[in-house]
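Please look through the sequence and the structure below before reading on. The paragraphs that follow lead from the sheet outward to the helices and then to single residues.

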Amino acid sequence: MSAATPETPKPTPFTTGRPRLHIGQLAIDQLTFEDAVQQIGRLVDLHQGGYVFTANVDHVVLAEDNVQFREAYSRATISVVDGMPIVWASKAMDVTLPERIAGSDLILPLMKLGAERKWRVFLLGAGPGVAAKVAKQVKDTYGVEVVGWDSPMVKTDGGDAQNDPIVAKIREKDPHLLFVALGSPKQEVWISQVAGKLGPTVAIGIGAGFDFIAGTAKRAPQWISKAGFEWLYRLVNEPKRLWRRYILNDSRFATILVREFWQRTGGKSE
């Protein structure tokens with residue numbers, strides 16, 4: 001009688017080990033900025049794949065009605081807070097979020113960490129030429145190995161015919177970390193659609209991050225961001241593109257907050 005072949009142990013599911021704030025339809029990890037960089041680094045080094053999202057007010061609102069977006073978030077390996085209103089609101093909830101962690105702010109610290117740990121990095125998204133400019137800048141500054149970049153036309157309903165060639169180009173380079181700058185909700189939905197095909201590559205949605213680094217979009221001064229008014233700065237600079245998002249859509253955030261506080265107090269007032 002032959003001995004049974006031992007089963008290959010399944011990889012342990014990744015967890016940050018920190019509480020999560022549930023707000024609206026989203027769950028956000030209780031992490032400081034330094035924690036987030038360390039946890040993303042740990043996730044990359046595990047070679048199990050996964051993806052990272054940065055939740056802001058717009059995301060909380062989008063998740064109310066956009067089923068694809070909501071489901072994409074529900075499968076995120078790490079979710080951090082990219083919105084001061086959420087940080088402020090969390091102080092009155094069961095899980096307090098210590099600070100804002102913008103996706104665009106994570107790029108350069110992760111590039112530095114990637115250089116130290118010999119990661120291969122791939123840049124996807126932004127306009128033509130932008131990712132290439134960022135690649136040169138981070139190579140020259142940090143010495144990180146940027147193995148490729150691409151600015152494909154992506155639709156969330158493009159299916160395998162659209163996604164497979166893009167994924168094949170990424171997999172050919174076998175990156176440890178994939179930065180995706182397609183804007184929300186496109187980048188989150190797309191990442192969730194292809195995550196299972198990316199193998200050990202970890203993806204992170206970074207919105208306009210490439211444009212900020214390349215100088216093709218203006219970023220608010222740090223004092224404005226810390227005060228929680230980066231949205232207003234961007235609205236003033238790009239009113240035609242952003243007025244609907246910030247004025248119409250995100251006004252629903254207040255309603256969502258009222259619902260959250262009502263549920264947490266059981267509908268009882270002091």
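**From the sheet to its helices**

In this predicted model, helix H3, which covers residues 67-74, lies across strands E3 and E4 and runs at about 115° to E3. Helix H5 packs on the sheet as well, where H5 touches E3, strand E5 (120-125), E7 and strand E8 (202-205), and the direction of H5 makes about 150° with that of E7.

The sheet that carries these helices is an open one, formed by six strands in the order E4-E3-E8-E7-E5-E6, and its pairing is parallel. E4 and strand E6 (145-150) stand at the edges with a single partner strand each, so one side of each is left without a neighbour in the sheet. From one strand to the next, the twist averages 20°.

At one of these edges, strand E3 (residues 50-55) pairs with E4 in the parallel sense over four bridges, and Val52 stands opposite Ile78 in E4. Although E4 is an edge strand, both faces of E4 (residues 78-81) are covered, for Ile78 and Val80 on one side are buried, as are Ser79 and Val81 on the other.

Further into the order of strands comes E7, which spans residues 177-181 and includes Leu177. Leu177 is buried, with a relative accessible area of 0%. Apart from neighbours within four places in sequence, Leu177 is in contact with Val44, Leu110, Trp119, Arg120, Val121, Phe122, Thr201, Val202 and Ile204. Leu177 and Val146 are 31 residues apart in sequence, while their C-alpha atoms are 9.7 Å apart in space.

**How the helices meet**

Two packed helices are described by the angle between their axes and the distance between the axes. Helix H1 (residues 33-46) and helix H5 (residues 103-117) pack at an angle of about 45°, with 10 Å between their axes, which means that H1 is oblique to H5. Their crossing is right-handed. On the H1 side, the contact is made by Phe33, Ala36, Val37, Ile40, Gly41, Arg42 and Asp45, which meet Asp105, Leu106, Pro109, Leu110, Leu113 and Arg117 in H5. Sorted by class, the residues of this contact are eight nonpolar, one polar and four charged.

Another pair is made by helix H7 (residues 159-173) and helix H8 (residues 186-194), which pack at an angle of about 75° with their axes 11 Å apart, so H7 is roughly perpendicular to H8. Here Gln162, Asn163, Ile166, Val167 and Ile170 in H7 meet Trp190, Gln193 and Val194 in H8, and this contact has five nonpolar and three polar residues but no charged ones.

**A glutamate, and the chain as a whole**

Helix H2, residues 57-65, contains Glu64. Is Glu64 buried or exposed? Glu64 counts as buried because its relative accessibility is 15%, which falls under the 20% cut-off. When residues up to four places away in sequence are not counted, Glu64 touches Gly24, Gln25, Arg70, Arg252, Ile256 and Arg259.

Stepping back to the protein chain, one finds 13 helices and eight strands. Of the 270 residues in the chain, 46% are buried. Among the contacts in the chain with a separation of 6 or more, 74% are accounted for by residues 24 or more positions apart.

Conventions:
Residues numbered from 1 in each chain as written. Predicted model: local features only at pLDDT ≥ 70, side-chain atom pairs only at ≥ 80, totals over all residues. Heavy atoms only, no water. Axes fitted to C-alpha atoms, helices over the stretch in contact; angles between N-to-C directions. Helix = DSSP H or I, 4+ residues; strand = E, 2+ residues; numbered from the N terminus. Parallel < 35°, antiparallel > 145°, perpendicular 65-115°, else oblique. Left-handed = near helix turned anticlockwise from the far one by under 90°. Contact = heavy atoms within 4.5 Å. Nonpolar A, V, L, I, M, F, W, Y, C, P; charged D, E, K, R; others polar. Buried < 20%, exposed > 50% of the residue type's maximum accessible area, 1.4 Å probe, protein only. Pairing = 2+ DSSP bridges.
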